[in-house]
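Let us take a walk through this protein, from its overall layout to a few residues that deserve a second look. Please keep the sequence and the 3D view open as you read.

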Amino acid sequence: MDERQVPQRRWDHYQATIVVIAHGDEVVEARDLARRLDTTIHVITAWNPGAERPGDEENRRRNDVLRADLVALTDPVLPALGVSTAAGDPAEPHSEASWAVVGLDRDVALALGARYGQDAIFEITATSQEVVKCPLTPD
């Protein structure tokens, strides 16, 4: 499969994203949680696939379906939020609800991202946060 062609501006937004995860009764930066759990975390969303902007209601619906897919594959599935100010005014950052998962193979995470039309997913360890391009999926 070929990789998606992601416009540089969108890629810059992904690179500038800060990911936080709800864990228990706290919200923690994703690398801190990966360090605590001594594991790799994948963060996937169904919001705003590619250049599409379907609106909050449809985004929530799609993200709920993604969560069900993730729950069938691994546990835990934790609420996450990706926040970026690269789009413009730092006082009004862009954010997208996401899901953080532990114990999911990278290829499976990428396939899920592709199934939901995403350009990329996040792969997070104690020392890095990598934006990994999703492959194209057959139509």
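The report below starts with the fold as a whole, then turns to two helices, a pocket and some local details.

## Overall layout

Please bear in mind that this is a predicted model. The protein contains four helices and seven strands. Starting at the N terminus, the elements follow the order α-β-β-α-β-α-β-β-α-β-β.

The protein has 139 residues, and 41% of them count as buried. How much of the contact network links residues 24 or more positions apart? Among contacts with a separation of 6 or more, such pairs account for 64%.

## Helix α3 and its two sides

Helix α3 covers residues 56–71. At 1.5 Å a residue, its 16 residues should span 22 Å, and the end C-alpha atoms are indeed 22 Å apart, so expectation and model agree.

Which residues of α3 are buried? They are N59, R62, N63, L66 and L70. Looking down the axis of α3, you will find these buried residues within an arc of 100°, which means that they line one face of the helix. A general point about helices helps here: an α-helix has 3.6 residues a turn, so residues three or four places apart point the same way.

What do the buried residues of α3 pack against? Their partners are three strands, β3 (41–44), β4 (77–84) and β5 (94–102), along with helix α4 (106–115). On the face turned away from the buried side, α3 carries the exposed residues E57 and D64.

R60 also belongs to helix α3. With a relative accessible area of 46%, R60 falls in the partly exposed class, because that class lies between the 20% and 50% cut-offs. The C-alpha atom of R60 is separated by 8.2 Å from that of A46, and the two residues are 14 residues apart along the chain.

## Helix α2 and its neighbours

Helix α2 (30–37) has A30, L33 and A34 as its buried residues. Seen down the axis of α2, they too fall within an arc of 100°, so they line one face of the helix.

The buried residues of α2 pack against five strands: β1 (18–23), β2 (26–29), β3, β4 and β6. Strands β3 and β4 thus appear among the partners of α2 and also among those of α3.

## The largest pocket

The largest pocket holds about 380 Å³ of space. Which residues lie nearest its centre? Of the 22 residues in the lining, these are Y14, T17, H94, E96 and F122.

Several elements give two or more residues to this lining, namely α1 (8–15), β3, β4, β5 and β6 (120–124). β5 gives the most, with four residues. Sorted by class, the lining has seven nonpolar, 11 polar and four charged residues.

## Loops with unusual backbone angles

Three loops are worth a visit in your viewer. In the loop between α3 and β4 you will find P76, and the peptide bond that leads from D75 to P76 is cis, with omega near 5°.

The other two loops each hold a residue other than glycine with a positive phi. D38, in the loop between α2 and β3, has phi near 50°. N48, in the loop between β3 and α3, has a positive phi of about 40°.

Are D38 and N48 buried or exposed? D38 counts as exposed, because its relative accessibility is 73% and the cut-off for that class is over 50%. N48 counts as buried, because its relative accessibility is 10% and the cut-off for buried is under 20%.

## A22 in strand β1

Our last stop is A22, which is found in strand β1. A22 is partly exposed, with a relative accessible area of 25%. Leaving aside residues up to four places away in sequence, A22 touches V27, L78 and P79.

How far apart are A22 and A80 in space? The two are 6.1 Å apart, C-alpha to C-alpha, while in sequence they are 58 residues apart.

How values were computed:
Residues numbered from 1 in each chain as written. Predicted model: local features only at pLDDT ≥ 70, side-chain atom pairs only at ≥ 80, totals over all residues. Heavy atoms only, no water. Expected span 1.5 Å × (residues − 1). Buried < 20%, exposed > 50% of the residue type's maximum accessible area, 1.4 Å probe, protein only. Arc of directions from axis to C-beta. Contact = heavy atoms within 4.5 Å. 1 Å grid on protein atoms, 1.4 Å probe; cavity = no way out; pocket = protein on both sides within 12 Å on 5 of 7 lines; lining within 4 Å. Points joined across faces, edges and corners; volume = space filled by probe spheres on them. Nonpolar A, V, L, I, M, F, W, Y, C, P; charged D, E, K, R; others polar.
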